[in-house]
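The following account leads through one protein chain, from its overall fold to its pocket and its surface. Please keep the sequence and the coordinates in view while reading.

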Amino acid sequence: MDFEWIAIALGDVAWLAVAFTLGLASKSVGLPPSVGFLATGFVLNLCGYASGEVLRKLSDLGITLLLFVVGLKLNLRTFARQR
């Protein structure tokens with residue numbers, strides 16, 4: 001059996017875990033979580049770690065959705081309101 005996909009997925013999970021941890025740490029200090037997410041990218045890239053294909057596809061999807069919502073000037077709270 002080919003277990004190469006498990007190694008790819010574990011690498012992406014490690015990136016997400018570090019991003020979550022640094023985002024939580026930056027929020028506890030009083031900074032926005034995005035500062036921790038950016039720090040994760042810089043630190044892991046400087047250490048020589050590369051993100052996997054799954055993480056790249058997820059990030060592309062996230063950026064596309066973010067730009068779509070900003071472009072439409074949607075207020076996400078209107079979707080969360082109960083009628």
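The paragraphs below treat the fold, the largest pocket, individual residues and a surface patch in turn.

The model shown is predicted. Its chain has 83 residues, and its secondary structure comes to 4 helices and 0 strands. Read from the N terminus, the elements therefore follow the order α-α-α-α, where a helix is a DSSP run of at least four residues. Of the residues of the chain, 12% count as buried. The surface that the chain exposes comes to about 7100 Å², and carbon and sulfur atoms supply 71% of this area.

Where is empty space left between these elements? Rolling a probe the size of a water molecule over the atoms shows where empty space is left. In this model, the largest pocket holds about 360 Å³ of space. Its lining consists of W15, L16, A19, S34, F37, L38, T40, G41, S51, L55, R56 and S59. Three helices, α1 (4-29), α2 (33-46) and α3, each supply at least two residues of this lining. Which helix gives the largest share of the lining? That share, 5 residues, comes from α2. By residue class, the lining of the largest pocket divides into 6 nonpolar, 5 polar and 1 charged.

One of the lining residues, L55, leads on to helix α3, in which it lies. Is L55 buried or exposed? Its relative accessible area is 14%; because buried means under 20%, L55 counts as buried. L55 also relates distant parts of the sequence: L55 and V13 are 42 residues apart along the chain, while their C-alpha atoms are separated by 8.6 Å.

Helix α2 offers two further residues for inspection, P33 and G36. The relative accessible area of G36 is 4%, so this residue is buried. The relative accessible area of P33 is 30%, so P33 is partly exposed. Each of these residues can be paired with a residue at another place in the sequence. G36 and T21 are 15 residues apart in sequence, and 8.0 Å separates them in space, C-alpha to C-alpha. For P33 and L22, the separation in sequence is 11 residues and the C-alpha to C-alpha distance is 7.8 Å.

The surface of the model completes the picture. V54, L58, L61 and L65 make a nonpolar surface patch of about 380 Å². Among them, V54 has its place in helix α3, which covers residues 53-72. Why can V54 belong to a surface patch? Patches are made of residues with over 30% relative accessible area, and V54 has 47% relative accessibility, so it meets this cut-off. At that value V54 counts as partly exposed. Helix α3 thus holds both V54 and L55: V54 is partly exposed, whereas L55 is buried and lines the largest pocket.

Terms used
Residues are numbered from 1 along each chain as its sequence is written. This is a predicted model: local features need pLDDT of at least 70, side-chain atom pairs count only at pLDDT 80 or more; totals for chains, interfaces and linings use all residues. Side-chain values use heavy atoms; hydrogens and water are left out. Patches are made of residues with over 30% relative accessible area and no salt bridge: like charges are joined within 9 Å, nonpolar side chains (Val, Leu, Ile, Met, Phe, Trp, Tyr) within 5 Å. Accessible areas come from the Shrake-Rupley method with a 1.4 Å probe; for residues, only the protein chains shown count as cover. A salt bridge is a side-chain nitrogen of Lys or Arg within 4 Å of a carboxyl oxygen of Asp or Glu. Buried means under 20% relative accessible area, exposed over 50%, partly exposed in between (1.4 Å probe, protein chains only). On a 1 Å grid over the protein atoms alone, a cavity is a set of points where a 1.4 Å probe fits but cannot get out, and a pocket is an open set with protein on both sides within 12 Å along at least five of seven lines; lining residues have an atom within 4 Å of a point. Grid points are joined across faces, edges and corners, and a volume is the space filled by probe spheres set on the points. Ala, Val, Leu, Ile, Met, Phe, Trp, Tyr, Cys and Pro count as nonpolar, Asp, Glu, Lys and Arg as charged, and the others, Gly among them, as polar.
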